[in-house]
Amino acid sequence: TVKNAQALGQALNELGIDVLCPDLGFTRSHAIAVDVSAHGGGKVVSQDLEDANIICNKNMLPKDTSAVKPSGIRLGVQELTRVGMKESEMKEVASLIHRVVAKKEAPLKVKEDVKLLKKDFTKIRFCFNEGEEAYRFHELV
């Protein structure tokens, strides 16, 4: 999970997106913080990404004074890792994010490419129930 988060941070950084903490490999956990103030801020960017089926949240950065209009977003990779994505897929994810955030492509257009990437990742990996359907509803008894 940490390798995936670091790979996503590196890939976004190489695409010109301002990922915090490059001196730490961008993260030491499952998540990265991204300064999107140059792209409309966290509120706008998080909504655009959600419209493209890329779920993240707006996030305050140290320089911020408003939780309503923060300059950052937080991207976590635990779900991507859970369904088997690795560092190579993080480059694809970064490209999809870049298209929405920096290139300002229509989120609904990018959403179709998100679906294409995700279609091959529907089984649980790196967990106790390896190979189980990741999005199956379980009945409660």
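Here are some short exercises, with worked solutions, on the predicted model shown above.

**Exercise 1. Work out which face of helix α2 is buried, and what it packs against.**

Start with the helix itself: α2 covers residues 42-51, and its buried residues are G42, V45, S46 and L49. Now look down the axis of α2. Those buried residues fall within an arc of 100 degrees, so they line one face of the helix. Next, ask what sits against them. The buried residues of α2 pack against β3 (57-59), β4 (72-76) and α4 (87-101). Finally, check what comes after the helix: α2 is followed by N53, which has a positive phi, near 70 degrees.

**Exercise 2. Find which elements build the largest nonpolar core, and which residues touch the most other members.**

Take the residues to begin with. This core has 35 of them, and L8, L12, I32, V34, L49, L75 and I97 touch the most other members. Then move up to elements: α1 (2-14), β2, α2, β4, α4 and α5 (107-118) each give two or more residues to the core. Who gives the largest share? That's α4, with seven residues. To see this close up, pick I97 and skip its neighbours within four places in sequence. I97 is then in contact with L8, L12, L49, I54 and L75.

**Exercise 3. Decide whether D35 is buried or exposed, then list its side-chain polar contacts.**

First, place the residue: D35 lies in strand β2, residues 31-35. Its relative accessibility is 12%, and the cut-off for buried is under 20%, so D35 counts as buried. On to the side chain. D35 makes a polar contact with the side chain of S37 at 2.7 Å, and another with the side chain of K63 at 2.9 Å. Last step, the wider surroundings: leaving out neighbours within four places in sequence, D35 is in contact with D18, L20, L61, K63, S71 and G72. K63 turns up in this list too.

**Exercise 4. Take L96 and H98 in helix α4, and say how buried each one is and what each one touches.**

Both residues need placing: L96 is found in α4, and so is H98. For burial, L96 has a relative accessible area of 8%, which means buried. H98 comes in at 13% and is buried as well. Now the contacts, again leaving aside anything within four places in sequence. L96 is in contact with I54, V110, D113, V114 and L117, while H98 touches L15, I17 and K103. One distance to add: L96 and L116 are 20 residues apart in sequence, and their C-alpha atoms are 11 Å apart.

**Exercise 5. Locate K86, classify its accessibility, and name its contacts.**

Where is it? K86 is found in the loop between α3 (78-82) and α4. Its relative accessibility is 45%, so K86 counts as partly exposed. Not counting residues up to four places away in sequence, K86 touches N4 and F126. For a distance check, try L8: K86 and L8 are 78 residues apart along the chain, and their C-alpha atoms are separated by 9.9 Å.

**Exercise 6. Say how many aromatic pairs the structure holds, and which residue lies over the face of Y135.**

Count the pairs first: the structure holds zero aromatic pairs. Then turn to the ring of Y135. R82 lies over its face, at 5.8 Å from the ring centre.

How values were computed
Residues numbered from 1 in each chain as written. Predicted model: local features only at pLDDT ≥ 70, side-chain atom pairs only at ≥ 80, totals over all residues. Heavy atoms only, no water. Buried < 20%, exposed > 50% of the residue type's maximum accessible area, 1.4 Å probe, protein only. Helix = DSSP H or I, 4+ residues; strand = E, 2+ residues; numbered from the N terminus. Arc of directions from axis to C-beta. Contact = heavy atoms within 4.5 Å. Phe/Tyr/Trp six-rings, centres within 6.5 Å; stacked < 30°, edge-to-face > 60°. Lys NZ or Arg CZ within 6 Å of the ring centre and 35° of its normal. Polar contact = N/O pair within 3.5 Å; in protein donor to acceptor, adjacent residues only side chain to side chain. Core = buried A, V, L, I, M, F, W, Y, C linked by side-chain atoms within 4.5 Å.
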